[in-house]
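Grab a pencil and work through these exercises with the structure open beside you. Try each task before you read its solution.

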Amino acid sequence: MTSTTARDRRPLTALVTANYLSWIGNTMTLVAVPLYVLQISSSATQAGAAGFANALPMIVAGLAGGVIADRVGPKRTSVVADLAAGACMAAVPLLHGTVGLALPALMALLFLRTLADAPGAAARLALLPRVTARGQVRPETANALFSSAQRVAFVVGPPAAALMAGLTGPTAVLYVDAGTFLASALLIMAVPDGGSARQDEAAEAGETKAGAAVARPGLVREATEGARYILRTPVLAAIISVVVCTNFLDDALTPVVLPVYSSELLGGERAVGLLLAANGIGAVVGSFAYAPASRRLLANRWGTFVGCFALICAARLVMVAEPGLWIMLVVSFAIGLASGPVNPLVTGVVERSTPPDMLGRVWGAVMAMAFAAAPVGIFATGWLAQNIGLRATLGIFGGLYVVLICYVLMNRPLRGLARPVGTETPVPEDAATAR
């Protein structure tokens, strides 16, 4: 059977490019904001507070952003979110260079920037299945290209920001971040506007009338619908619970584990840079390799999911033995390589298991849960390393990974991922309204 719709990959190209720009700008900001605060205040405490203000809104904004994307359409949500976040970012150096910028005002702008950015992230994820279908591209390929933006950004963004800050000062990096939001908004404007999924379905059924009010549940109830849908969909509940646990276990690797490991055992800063580079390169390779490998080698999604986390688990257990630099470079690369296929695989499962009119809310819930787990894991890792030692901490986290692998192996809904793509149970038409 041949498609009667002409293939158009330009919207997918625009969306993927916009996602790259957004992630690169975000990772540059992670470096630029602390440097900027240190430049104007010379206070490490204030620099940390600025970073906290920049990250805090992600949990709440993810839930609310998903609702907005489903209500008004992901394209409009993404464009408005990018413009608002870019304006907040540009205001920081503009105010500093003119009337001055007090620290509370800086915190407020950073808070509002992230508050605006989170709905845009959920909206781009909700747009992805539409532009993938329009371009007649394999979902695995589109998801791998889209998800690779985060991996590439963490390899490219921080070094670029540090280099630019050293040459021109951190304010220039803030302008670049604002520019990435503007460019992202312009690119998303080029994506065909399908409106919201709710509006599309209502129009097809002839249920809407000009000027008629559409009854909606309350904002708070609607904001939690994504989480409720995940909990009552077994495969989503299982796969997202694993992702949340691994965020708790793994997100401390870059900011805590590798720096402490390098400082205590490998001689300091040079080793940190090498280990981070190896991890980042591995993640980029794993992300890009998933698209072609998903045709044959990684076609079994359950086997891929188990295999990726088993490799990470093995690498984390090797770290307990406190090997030297060369083995640690292999370990860091292996952890990055194994993490690469996870995001596009999870993205595909969420897309196939969620009605189109709920994608925004479901992705908002996923983002909120993932971002909530990360800071808890980072704090717990730091506290344990300080109080019981690095080796004991690595042993505890390695043991938790073994328990997680056992859960994945025994979980029946996850084993269903072994079925070929396209043979899953279809999403019920009333899934969006089931209570």
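**Exercise 1.** Does Arg391 count as buried, partly exposed or exposed, and at what relative accessibility?

*Solution.* Keep in mind that this is a predicted model.
- Step 1: Look up the cut-offs: buried is under 20% relative accessible area, exposed is over 50%, and partly exposed is in between.
- Step 2: Arg391 has 43% relative accessibility, so it counts as partly exposed.
- Step 3: Now find its partner: the side chain of Arg391 meets that of Glu322 in a salt bridge, 3.5 Å from N to O.
- Step 4: Glu322 sits in the loop between helix H14 (301–320) and helix H15 (325–339), while Arg391 is in helix H18 (residues 390–410), so the pair ties together parts 69 residues apart in sequence.
- Step 5: Check Glu322 too: its relative accessible area is 29%, so it is partly exposed.

**Exercise 2.** Work out which residue forms a salt bridge with Arg113, and whether the two partners are buried or exposed.

*Solution.*
- Step 1: The partner is Asp177, and the closest N and O atoms are 3.1 Å apart.
- Step 2: Arg113 belongs to helix H5 (residues 103–135) and Asp177 to helix H7, so this pair links distant parts of the chain, 64 residues apart.
- Step 3: Arg113 has 3% relative accessibility, so it counts as buried.
- Step 4: Asp177 has a relative accessible area of 0%, so it is buried as well.
- Step 5: Look who else is there: Asn26, in helix H1 (residues 10–41), is in contact with Arg113, Asp117, Asp177 and Phe181, leaving aside neighbours within four places in sequence.
- Step 6: Asn26 is at 16% relative accessibility, so it counts as buried.

**Exercise 3.** Compare the two partners in the salt bridge between Arg10 and Asp8.

*Solution.*
- Step 1: Their side chains meet at 3.0 Å, N to O.
- Step 2: Arg10 is at 64% relative accessibility, so it counts as exposed.
- Step 3: Asp8, with a relative accessible area of 13%, is buried.

**Exercise 4.** Find the residues behind the nonpolar surface patch of about 370 Å².

*Solution.*
- Step 1: The patch is made by Leu83, Leu182, Leu186 and Met189.
- Step 2: Helix H7 (residues 170–189) gives the largest share, three residues.
- Step 3: Take Leu186, which is in helix H7: at 49% relative accessibility, it counts as partly exposed.

Terms used
Residues numbered from 1 in each chain as written. Predicted model: local features only at pLDDT ≥ 70, side-chain atom pairs only at ≥ 80, totals over all residues. Heavy atoms only, no water. Patch = residues over 30% accessible without salt bridge, like charges linked within 9 Å, V, L, I, M, F, W, Y side chains within 5 Å. Areas by Shrake-Rupley, 256 points an atom, 1.4 Å probe, with all protein chains shown as cover. Salt bridge = Lys/Arg side-chain N within 4 Å of Asp/Glu carboxyl O. Helix = DSSP H or I, 4+ residues; strand = E, 2+ residues; numbered from the N terminus. Buried < 20%, exposed > 50% of the residue type's maximum accessible area, 1.4 Å probe, protein only. Contact = heavy atoms within 4.5 Å.
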